Amino acid sequence: TPIFHPDRMDTAALIDELNDAVAQGTVGQRAKIIHRITDLFTAASTDYSDEHIALFDDVLMRIAETIEISARAALARRLAQEPRAPLKISRYLAAHDAADVAAPLLEHSHQLDNDILVDTARSKSQQHLLAISKRRSLDEVVTDVLVERGDKTVVLSTAGNPGARFSDRGFATLTTRSEDDDELAACVGLRGDIPRAHLMRLLARASHDVRQKLERANPTLAPVIASTPAGAPRVARYQFDRCDQYFALRPETHRVPL
């Protein structure tokens with residue numbers, strides 16, 4: 001097992017030492033090595049210099065390529081909520097095709113910018129998209145892709161995320177996708193940031209059950225609902241339980257833009 005200490009700044013020599021351990025060690029031994037190095041990082045990550053973190057990055061990258069997916073997933077879970085997690089290893093794991101590896105970082109990591117999130121949302125699985133949809137905050141450029149490419153679970157999660165922001169195009173996509181989906185229509189209609197024009201379009205196509213659901217959840221919508229003619233009656237297709245799970249119903253969140 002190599003001796004690793006962040007004050008040793010000879011990266012090339014350290015990588016050579018690790019190469020020997022990787023070449024001679026078993027898969028289990030490599031997993032133990034990366035676990036010990038991650039322990040060392042997380043124990044004092046706030047105290048390390050940028051140079052120390054870069055060294056950790058090089059070391060973790062070198063070993064991560066040689067361990068099993070389950071060990072990569074364990075590493076991803078440990079780094080996902082570290083504010084100073086090394087950049088290269090974070091982005092390497094977030095780009096992994098296995099959702100078990102990528103999801104923790106896609107949901108929590110501070111090291112992923114909008115370009116990475118958009119590229120992932122355009123190319124990876126629905127599980128990857130679902131992880132992105134749960135981030136604490138989402139910019140319009142990301143939600144545009146999520147609501148266009150995501151399946152129902154992804155779109156519902158995105159629409160119910162209070163930290164998500166939507167462009168006019170995004171709201172148009174949401175209202176279109178809500179036309180035959182009562183559950184999604186309720187979630188979208190309860191967003192306090194939905195522009196009035198999109199809300200009225202949604203209400204015009206909403207079922208009686210959705211209109212009642214919105215009025216009960218937010219009585220201030222009653223005048224808007226009453227003034228918006230309903231379309232042809234439809235049979236409600238979905239329950240609203242999952243909408244409530246994704247979206248916390250707070251009165252201050254449901255003011256309708258004028």
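**Entry 1: Lys152 and its partner**

I started at Lys152, which counts as partly exposed at 24% relative accessibility. I note for the record that this is a predicted model. I then looked up a charged partner for the side chain: Lys152 makes a salt bridge with Asp181, and the closest N and O atoms are 3.5 Å apart. This pair links distant parts of the chain, with Lys152 in helix 10 (residues 152-159) and Asp181 in the loop between helix 11 (168-177) and helix 12 (182-189), 29 residues apart. Is Asp181 buried or exposed? I found Asp181 buried, with a relative accessible area of 8%. The cut-off I am using for buried is under 20% relative accessible area, so Asp181 falls under it, while Lys152 at 24% does not.

**Entry 2: The whole chain**

Next I stepped back for the overall picture. I counted 16 helices and zero strands in the chain. The chain has 258 residues, and 48% of them count as buried. I also looked at contacts between residues at least 6 apart in sequence: 67% of these join residues at least 24 apart. The exposed area came out at about 12400 Å², with carbon and sulfur atoms supplying 51% of it.

**Entry 3: More salt bridges**

I went back to the charged pairs. How many salt bridges does the structure hold? The structure holds 14.

One of them is between the side chains of Arg78 and Asp39, at 2.5 Å from N to O. Arg78 sits in helix 4 (residues 69-79) and Asp39 in helix 2 (residues 27-43), so this pair ties together parts that are 39 residues apart in sequence. I checked the burial of both partners. Arg78 is partly exposed at 27% relative accessibility, and Asp39 is partly exposed as well, at 32%.

I also pulled up Arg191 and Asp193, whose closest N and O atoms are 2.9 Å apart in a salt bridge. Here Arg191 is buried, with a relative accessible area of 4%, whereas Asp193 is partly exposed at 32%.

To finish with charges, I noted a network of salt bridges that links Asp139, Glu140 and Arg165.

**Entry 4: The largest pocket**

I turned to empty space. The largest pocket has a volume of about 310 Å³. Which residues lie nearest its centre? I listed Glu107, His108, His110, Arg135 and Arg136, out of 17 lining residues. By character, the lining divides into five nonpolar, six polar and six charged residues. I then asked where the lining comes from: helix 6 (99-108) and helix 7 (114-123) each give at least two residues to it.

**Entry 5: Helix 8**

Helices 6 and 7 came up again when I looked at the surroundings of helix 8: its buried residues pack against helix 6, helix 7, helix 9 (140-149) and helix 10. Why call helix 8 largely enclosed? Six of the eight residues of helix 8 (residues 126-133) are buried, so the rest of the structure largely encloses this helix. I wrote down the buried residues: His128, Leu129, Leu130, Ala131, Ile132 and Ser133.

**Entry 6: Three single residues**

I looked at Pro86 first, in the loop between helix 4 and helix 5. Pro86 is buried, with a relative accessible area of 0%. Setting aside neighbours within four places in sequence, I found Pro86 in contact with Phe41, Ile53, Phe56, Asp57, Leu60 and Leu79. I also checked Leu55: its C-alpha atom is 8.9 Å from that of Pro86, with their positions 31 residues apart along the chain.

Then I took Glu148, which lies in helix 9. Glu148 is partly exposed, with a relative accessible area of 41%. Beyond its neighbours within four places in sequence, Glu148 is in contact with Arg169, Thr173 and Arg177. Arg122 is 26 residues from Glu148 in sequence, and their C-alpha atoms are 9.6 Å apart in space.

My last stop was Ala95, in the loop between helix 5 (87-94) and helix 6. Ala95 is partly exposed, with a relative accessible area of 43%. How far apart in space are Ala95 and Asp119, C-alpha to C-alpha? I noted 9.4 Å, for two residues that are 24 apart in sequence.

Definitions and conventions
Residues numbered from 1 in each chain as written. Predicted model: local features only at pLDDT ≥ 70, side-chain atom pairs only at ≥ 80, totals over all residues. Heavy atoms only, no water. 1 Å grid on protein atoms, 1.4 Å probe; cavity = no way out; pocket = protein on both sides within 12 Å on 5 of 7 lines; lining within 4 Å. Points joined across faces, edges and corners; volume = space filled by probe spheres on them. Helix = DSSP H or I, 4+ residues; strand = E, 2+ residues; numbered from the N terminus. Nonpolar A, V, L, I, M, F, W, Y, C, P; charged D, E, K, R; others polar. Salt bridge = Lys/Arg side-chain N within 4 Å of Asp/Glu carboxyl O. Buried < 20%, exposed > 50% of the residue type's maximum accessible area, 1.4 Å probe, protein only. Contact = heavy atoms within 4.5 Å. Areas by Shrake-Rupley, 256 points an atom, 1.4 Å probe, with all protein chains shown as cover.
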